[in-house]
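Reader: I would be grateful for a close reading of one part of this model, namely the aromatic residues and the packing around them. Please proceed step by step and give the geometry where it is available.

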Amino acid sequence: MRGRRRRRPVLTGALTLLVALGLGAGSGAASASDAAPADGRSGTSVSWRAQLGVQGGDDVGVRYAGGSLRLRADGVRPASADRGGAYGSAVLPVHDTGRTVHRVGVDLDAKTPRGTRVAVDVRGRDAGGAWTEWREAQAGSPALLPHAATAVQARVTLWGVDGDEAASPVVRDLRLTARSVPAAERAAPQQQQAAAFSATVYATREGLVGGTTANGHVIQPNDHFVALPSRRGLSPNGSGEYSVRVCGPARCETAPVWDVGPWNTHDDYWNPSSQREMWQDLPQGRPEAQAAYQDDYNGGADEFGRQVANPAGIDLADGTFYNVGLNNNGWVTVTYLWTDGGGTGSPQLNFSSYSTLSDGSNGPQVSAAQYLLNEQGFDAGTVDGAFGPNTASAVRAFQQSRGLSADGVVGRHTWAALLSAGSEPVLRQGDSGAAVERLQRSLTAALGRTVSTDGAFGPNTDDAVRDYQSSRGLGVDGIVGNGTWGALQAGR
């Protein structure tokens with residue numbers, strides 16, 4: 001499967017090192033400096049209660065019942081762990097703070113039976129739409145965001161007990177408080193970095209077809225994604241919000257980060273040493289497993305005390321592994337696209353309308369098209385906003401794959417197919433998440449009118465879906481299933 005050790009618990013083992021945030025009712029109160037009055041606003045801070053019951057396409061292994069979030073009875077175990085208790089994660093709705101914030105505190109009300117754990121990670125989005133990495137926030141220890149944000153999103157992760165199917169943490173309430181802080185207290189500004197960070201690291205093959213990744217994706221044959229040894233860069237299921245550019249012996253591929261591993265789970269080695277979760281004495285770009293294997297760092301062990309059998313810093317799904325030209329585990333050059341100082345590697349994708357693009361076009365919509373083409377495995381080259389021969393070639397190849405006229409011009413039909421590409425979850429009014437946002441973008445292109453891209457499937461999105469279904473001769477029910485997704489992805 002990998003030409004290396006049998007996968008031991010990669011996620012589950014790491015999770016035992018996480019600090020449980022909620023130890024019972026009323027535990028996990030935010031520190032006084034992050035508290036806000038009942039109206040939620042005071043000076044430079046804003047507080048809100050998380051919507052635990054809003055379920056979208058970004059959740060795995062959790063259910064909301066009796067006013068609480070808990071693990072599903074059938075359980076989910078990430079494929080990257082050979083054993084361990086049930087696991088679940090919920091990516092909660094985005095909250096617009098209405099002001100610039102830098103730090104986020106949490107007040108968690110949770111019941112955590114012995115051996116179970118809960119973690120809350122937060123990230124921030126700036127006015128330009130760029131997300132920061134995820135940062136863990138604990139009671140009394142707010143998360144400091146990598147750069148200023150005007151919107152905040154939380155991710156709640158739960159772990160059960162190995163061998164005890166009935167044991168589940170129960171999250172009853174979560175309140176967040178975001179605030180601005182003086183310049184001296186802010187994180188080192190990532191935006192000073194001129195370009196996304198790159199490193200040469202050892203790659204291993206993920207395999208594990210049929211298993212489930214840390215973000216809930218069921219691994220398919222010839223799949224395209226990567227695993228990195230930290231949850232800080234984990235994308236929600238179906239999205240490429242955190243993606244890498246992997247260059248192997250034959251070619252390069254842009255792939256999303258959908259799993260956690262290998263070896264460590266707190267080793268964000270792509271960050272400057274001072275910002276790493278662990279191993280801050282290692283230089284940026286050097287995975288702990290590589291240092292352990294090559295230099296006997298940490299006695300040759302990973303963070304769980306296991307002896308490291310190879311220097312792996314990235315796992316590649318089968319499709320990515322073979323596409324970049326690997327037949328055996330080997331060295332690749334990886335660019336961590338979200339480290340360019342602007343948040344994630346995804347350029348602006350949301351526009352009120354989508355222009356026709358062709359050879360010679362320039363601007364942010366060209367960047368969007370190039371990024372989407374790369375994400376789907378059609379190599380448009382560097383995302384630089386300049387529509388040249390490489391982009392035109394990638395567009396034609398994409399058009400051929402969708403049965404569209406291969407003219408190299410990105411018009412309404414090609415935009416609809418590009419913007420809708422990805423997984424096909426059933427969506428209806430009341431849903432939220434990255435898949436809804438993707439739907440809204442593709443409807444804007446297909447209908448030629450603005451559909452608000454807020455990730456919330458409300459009445460306006462429902463109207464747009466019904467209009468699209470009616471105009472394409474589909475059953476008009478407002479539910480986005482295989483037929484509606486199929487039409488969008490075919491560029492109809």
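Author: A residue is called buried here if its relative accessible area is under 20%, and exposed if that area is over 50%. The model is a predicted one, and every value below is computed from it. Tyr336 has a relative accessibility of 0%, so it counts as buried. Phe197 is buried as well, because its relative accessible area is 16%.

These two residues form one of the 15 aromatic pairs counted in the model. Their ring centres are 6.3 Å apart and their planes meet at 25 degrees; since planes under 30 degrees apart count as stacked, this pair is stacked. Phe197 belongs to strand 12 and Tyr336 to strand 17, so the pair ties together parts that are 139 residues apart in sequence.

Tyr336 also pairs with Trp338, with 6.2 Å from centre to centre and 85 degrees between the planes, an edge-to-face arrangement. Trp338 is itself buried, because its relative accessibility is 2%. Phe197, Tyr336 and Trp338 are joined by Tyr242, Tyr269 and Trp270 in one aromatic cluster.

The surroundings may be taken next. Tyr242, Tyr269 and Tyr336, together with Leu316, are among the 25 residues of a nonpolar core. Strand 12 (197-205) and strand 17 (330-336) also help to cover the buried residues of helix 2, as does strand 16 (312-316). Those buried residues are Glu288, Ala289, Gln290, Ala291 and Ala292, in a helix that spans residues 288-295. Directly after helix 2, Asp296 adopts a positive phi of about 60 degrees.

Apart from the core that holds Tyr336 lies the largest nonpolar core, which has 30 residues. Within this largest core, Val122, Val156, Val171, Leu174 and Leu176 have the most contacts. At least two of its residues come from each of several strands, including strand 8 (117-125) and strand 11 (170-179). Strand 10 supplies the largest share, seven residues. If neighbours within four places in sequence are set aside, the contacts of Leu176 include Val46, Trp48, Val104, Val122 and Ala154.

Two further aromatic residues take part in contacts with charged groups. The charged end of Arg123 sits over the ring of Trp131, at 4.1 Å from the ring centre. In the other case, the charged end of Arg155 sits over the ring of Trp134, 4.4 Å from its centre.

Note on methods
Residues numbered from 1 in each chain as written. Predicted model: local features only at pLDDT ≥ 70, side-chain atom pairs only at ≥ 80, totals over all residues. Heavy atoms only, no water. Core = buried A, V, L, I, M, F, W, Y, C linked by side-chain atoms within 4.5 Å. Buried < 20%, exposed > 50% of the residue type's maximum accessible area, 1.4 Å probe, protein only. Helix = DSSP H or I, 4+ residues; strand = E, 2+ residues; numbered from the N terminus. Contact = heavy atoms within 4.5 Å. Phe/Tyr/Trp six-rings, centres within 6.5 Å; stacked < 30°, edge-to-face > 60°. Lys NZ or Arg CZ within 6 Å of the ring centre and 35° of its normal.
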